[in-house]
Amino acid sequence: MISSKIITTLFICCLAFSSICDGQQAISITSAIERLFNKIESDILTSAEAMPESNFNFSPESLLIKNSDFNGVRTFGGQIMHLATDNILIWSAITGDPVRSDIEDVNGPKNIHSKKDILEYLKSSFAIGRKAISALTTQNAMNLIEFRGRNLPKLDLAFYALTHANEHYGQMALYLRMCGIVPPPTINER
């Protein structure tokens, strides 16, 4: 099995090589990650803003769909709180900054309930992501840091944060559709 360090190194080399082959100056690791980050952030924020506050407590469990198993799944607002909290935990591990003292678990602070407050919390998590991405360089991307009991390269954590966020965007899009709302990022894709 190929180690994640080898895969990550190959990814960085491919980015640099593809830019050189195109006769362009090599792109930075920051700009490469930032492009995907910007798309995911936009998809998540526009989707979160599209859901009315009255549906922030919606979960598919309430639909009682025959032969389904939605027991105990997070609400729409709970999805956002979890996503934002993991953003904070992952991106802060990269920067080395301390996390908020009111984060007790991956579901976020217990005192945040309104749509407005949830969206502010989400936006703050993306701000931490921007800070972490801007601090990544080809020189430090493979530096190992401890995260949830494992030593991982910073770049692995950046990939994990992006993948995790995109997974939750997919769930948010389904929740929106279950509430009769077309996810804004998909409107122009028809």
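## A small cavity, a ring cluster and a one-sided helix

The largest cavity in this structure has a volume of about 40 Å³. This is a predicted model, in which local features need pLDDT of at least 70, side-chain atom pairs count only at pLDDT 80 or more, and totals for chains, interfaces and linings use all residues. Residues are numbered from 1 along each chain as its sequence is written, and side-chain values use heavy atoms, with hydrogens and water left out.

What is a cavity here? On a 1 Å grid over the protein atoms alone, it is a set of points where a 1.4 Å probe fits but cannot get out, and lining residues have an atom within 4 Å of a point. Points are joined across faces, edges and corners, and the volume is the space filled by probe spheres set on them. The count comes to one cavity of 30 Å³ or more.

Which residues line the largest cavity? They are Phe37, Ile40, Glu41, Asn87, Trp91, Phe126, Ala161, Leu162 and Ala165. Helices H2, H3 and H5 each give two or more residues to this lining (helices are DSSP runs of H or I with at least four residues, numbered from the N terminus).

Now to the aromatic rings. The structure holds five aromatic pairs; rings of Phe, Tyr and Trp (its six-membered ring) pair if their centres lie within 6.5 Å, and planes under 30 degrees apart count as stacked, over 60 as edge-to-face and the rest as tilted. Here are two of the pairs:

| Pair | Centre to centre | Angle between planes | Type |
|---|---|---|---|
| Phe56 and Phe76 | 5.3 Å | 70 degrees | edge-to-face |
| Phe58 and Tyr175 | 5.8 Å | 85 degrees | edge-to-face |

Phe56 sits in the loop between helix H2 (29-50) and helix H3 (76-95), while Phe76 is in H3, 20 residues apart. Phe58 lies in the loop between H2 and H3 and Tyr175 in helix H5 (residues 154-178), so their pair ties together parts that are 117 residues apart in sequence. Ring pairs link Phe56, Phe58, Phe76 and Tyr175 into a cluster.

Are these rings buried or exposed (under 20% relative accessible area is buried, over 50% exposed, partly exposed in between, with a 1.4 Å probe and protein chains only)? Phe56 is buried at 3%, Phe76 at 0%, Phe58 at 11% and Tyr175 at 6%.

Finally, meet helix H4 (residues 115-135). Its buried residues include Ile118, Leu122, Phe126 and Ile133. The buried residues of H4 cover an arc of only 160 degrees around the axis, which puts them on the same side of H4 (the arc is that of the directions from the helix axis to the C-beta atoms).

Notes:
1 Å grid on protein atoms, 1.4 Å probe; cavity = no way out; pocket = protein on both sides within 12 Å on 5 of 7 lines; lining within 4 Å.
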